Amino acid sequence: MKEHDCIFCKIANGEIPSKTIYEDEKYRVILDLGPATKGHALILPKEHYADLYELPEENAGEVMKLAKLMMKKMREKLGCEGFNLVQNNGELAGQTVFHFHLHLIPRYSADGQKIGWQPQEVTPEKLEEVRKQITD
């Protein structure tokens with residue numbers, strides 16, 4: 001069900017113009033208006049899902065297959081040397097538009113981006129405690 005006030009629903013369904021690089025009956029891939037690097041794109045489902053928690057498993061698999069297809073094409077056409085796939089869930093994680101989307105960020109040797117996190121130090125005991133918390 002499409003959300004009437006969701007900007008990504010409107011873009012995905014062609015109601016708002018975008019720089020589309022791929023489209024099929026379920027997805028649209030667009031260039032990001034504020035790109036991290038040349039070719040930075042977003043995979044948008046045409047159906048509204050707020051985040052990965054709401055995205056059906058079937059769609060999650062389709063999104064990854066589409067990401068692989070687009071990465072291959074972008075590597076061939078843009079000459080990028082790597083990729084970051086970024087998908088944020090929740091405001092605390094950096095999600096600003098609450099319509100599931102996957103960022104495809106081509107990487108180049110001198111692109112100046114630092115996408116990642118600061119590793120924390122953790123003891124083997126703490127890791128075991130967390131493992132048990134998740135699996136019990």
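Hi everyone, let me start in the core: the buried residues of helix H2 are covered by, among others, strand S1 (20-23), strand S2 (27-31), strand S3 (41-45), S4 and S5. Helices here are DSSP runs of H or I with at least four residues, strands are E runs of at least two, and both are numbered from the N terminus. Buried means under 20% relative accessible area, exposed over 50%, and partly exposed in between, with a 1.4 Å probe and protein chains only.

A quick word on the source: this is a predicted model, with local features needing pLDDT of at least 70 and side-chain atom pairs pLDDT 80 or more, while totals for chains, interfaces and linings use all residues. Residues are numbered from 1 along each chain as its sequence is written, and side-chain values use heavy atoms, leaving out hydrogens and water.

Back to H2. Which of its residues are buried? They are Asn-59, Val-63, Leu-66, Ala-67, Met-70 and Met-74. Down the helix axis these fall within an arc of 115°, so they line one face of H2; the arc is taken from the directions from the axis to the C-beta atoms. On the other side, Glu-57, Glu-58, Lys-65, Lys-68, Lys-72, Arg-75 and Glu-76 are exposed. H2 covers residues 57-78, and its 22 residues reach 31 Å from first to last C-alpha, close to the expected 32 Å, that is, 1.5 Å times one less than the number of residues. Just after H2 comes Gly-79, with a positive phi near 75°.

Now compare helix H3, residues 124-135. Its end C-alpha atoms are 16 Å apart, in agreement with the 16 Å that twelve residues should span. But H3 is hardly covered, with zero buried residues among its twelve.

Next, my favourite loop residue. His-101 sits between strand S4 (82-86) and strand S5 (102-107). Buried or exposed? His-101 counts as buried, because its relative accessibility is 9%. Its side chain reaches the backbone oxygen of His-99 at 2.7 Å. Leaving aside residues up to four places away in sequence, His-101 touches Phe-8, Leu-42, Ile-43, Leu-44, Val-86 and Gln-87, where contact means heavy atoms within 4.5 Å.

Phe-8 also takes us to our last stop, the lining of the largest pocket. Of its 13 lining residues, Phe-8, Ile-11, Ile-30, Leu-31 and Leu-33 lie nearest the centre. Helix H1 (7-12) and S2 each supply at least two lining residues, and H1 gives the largest share, three.

That's my tour, thanks for listening!

Notes. A polar contact is a pair of N or O atoms within 3.5 Å; within protein, one must be able to donate a hydrogen and the other to accept it, and residues adjacent in sequence count only if both atoms are side-chain atoms. On a 1 Å grid over the protein atoms alone, a cavity is a set of points where a 1.4 Å probe fits but cannot get out, and a pocket is an open set with protein on both sides within 12 Å along at least five of seven lines; lining residues have an atom within 4 Å of a point.
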